[in-house]
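Good morning, and thank you for coming. I would like to introduce a structure that is new to this group, and to begin with its pockets.

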Amino acid sequence: MKKQLSIIAAGALLLTGCGSSAAAASTASASSASTAAAADHLARIKESGKLVIGLEGDWQPFSYHDDSDQLVGFDVDVAAGIADYLGVEPSYTEEKWSGLFTGLSSGVYDIVANGVDITEERKQTYDFSDPYAYDHTVLVVRADNDDITSFDDLKGKTTANSIGSTYMELGESYGATVSGVESLAECMAMVTNGQVDATINAETSVQDYLKTTGDTSLKIVARSDDATEYAIPLVKGDDNATLLAAINEAIAHMREDGDLAKASETYFGADLTSAE
């Protein structure tokens with residue numbers, strides 16, 4: 001009888017030991033999962049091996065498809081440089097301007113690289129990297145329009161601008177009735193066709209449009225005095241603190257080794273990477 005009891009006791013101890021090991025393994029697994037979930041955004045990007053970038057893909061020369069349908073542009077190069085500095089591959093997702101910030105806020109993209117200018121309103125929701133390029137805003141009308149020669153002349157007029165853009169807000173601030181559209185080409189076509197009186201956009205993209213299309217039916221009549229600062233927006237919070245710092249380091253690195261200026265020369269025809 002004692003022998004049988006000893007065997008039963010030993011079996012119970014063995015089962016208890018197995019149960020403890022399983023529980024320990026389960027706890028370790030849960031702890032590991034918890035640690036992974038707690039890792040910040042930069043750590044998750046490095047773990048995945050890719051940086052997901054949101055951009056328009058049809059706003060030349062920032063991001064567009066060339067004759068061989070390859071995605072190219074100034075922001076494409078900037079984003080690739082950031083990804084390279086982080087040690088991951090760039091992955092581009094094309095979206096209309098009106099959906100880019102929604103995608104950023106919901107985590108569809110890690111970053112947006114799309115000529116995003118820093119505004120006080122946007123700074124309430126997003127943290128911005130250091131500026132990586134500087135531009136000006138211009139006012140475009142038909143070549144035969146002599147009624148509009150300045151931004152102040154927009155009061156009571158009509159404009160076409162990208163939905164949710166600072167250009168749309170600018171038109172409204174000067175008293176224009178603004179039609180929201182999805183692309184620069186649509187804006188230009190609406191001015192040419194007489195559907196609206198004017199459009200407002202980045203000087204770089206307007207000059208590129210006029211140069212590549214050879215369109216002589218449009219003209220620039222005004223240019224902003226203050227430069228627009230382009231930067232990378234990130235959702236506010238501690239989760240993006242190390243990513244923001246790393247992006248700033250990447251931009252500084254590209255500026256120092258000349259890659260930033262080279263990209264600007266390639267797509268803008270001038271070095272617009274300095275505020276001077």
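Let me start with the character of the residues around the largest pocket: 6 of the lining residues are nonpolar, 5 are polar and 3 are charged. Please bear in mind that the model before you is predicted.

The volume of this largest pocket is about 320 Å³. Its lining is made up of 14 residues, and those closest to the centre are Asp117, Thr137, Asp226, Ala227 and Thr228. Two elements, α6 (166-173) and β13 (228-230), each contribute two or more residues to that lining. The largest share belongs to α6, with 3 residues.

Where does the largest pocket lie with respect to domain 1 and domain 2? Domain 1 comprises 42-134 + 230-268, and domain 2 comprises 137-223. Both give residues to the lining, so the largest pocket lies between the two domains.

I turn now to the second largest pocket, which holds about 220 Å³ of space. Here 17 residues form the lining, and nearest the centre are Thr204, Gln207, Tyr267, Phe268 and Gly269. By class, this lining has 6 nonpolar, 5 polar and 6 charged residues.

Which elements supply at least two residues each to the lining of the second largest pocket? They are β7 (133-135), α8 (203-213) and α10 (259-268). The largest share, 5 residues, is that of α8. As for the domains, at least three lining residues come from domain 1 and at least three from domain 2.

My last topic is a helix, α7, which spans residues 184-192. Which of its residues are buried? They are Leu184, Cys187, Met188, Met190 and Val191. These residues cover an arc of only 160° around the axis, and they therefore sit on the same side of α7. A general point about helices helps here: an α-helix has 3.6 residues a turn, so residues three or four places apart point the same way.

What do the buried residues of α7 pack against? Their partners include the strands β8 (137-142), β9 (158-162) and β10 (177-181). They also pack against β11 (198-202), β12 (218-223) and α8. We have met α8 already, as the element with the largest share of the lining of the second largest pocket.

After α7 comes Gly194, which has a positive phi, near 80°.

Thank you for your attention.

Note on methods. Residues are numbered from 1 along each chain as its sequence is written. This is a predicted model: local features need pLDDT of at least 70, side-chain atom pairs count only at pLDDT 80 or more; totals for chains, interfaces and linings use all residues. Side-chain values use heavy atoms; hydrogens and water are left out. On a 1 Å grid over the protein atoms alone, a cavity is a set of points where a 1.4 Å probe fits but cannot get out, and a pocket is an open set with protein on both sides within 12 Å along at least five of seven lines; lining residues have an atom within 4 Å of a point. Grid points are joined across faces, edges and corners, and a volume is the space filled by probe spheres set on the points. Helices (H or I, at least four residues) and strands (E, at least two) are DSSP runs, numbered from the N terminus. Ala, Val, Leu, Ile, Met, Phe, Trp, Tyr, Cys and Pro count as nonpolar, Asp, Glu, Lys and Arg as charged, and the others, Gly among them, as polar. Domain bounds come from an automatic or database domain assignment. Buried means under 20% relative accessible area, exposed over 50%, partly exposed in between (1.4 Å probe, protein chains only). The arc is that of the directions from the helix axis to the C-beta atoms. Contact means heavy atoms within 4.5 Å.
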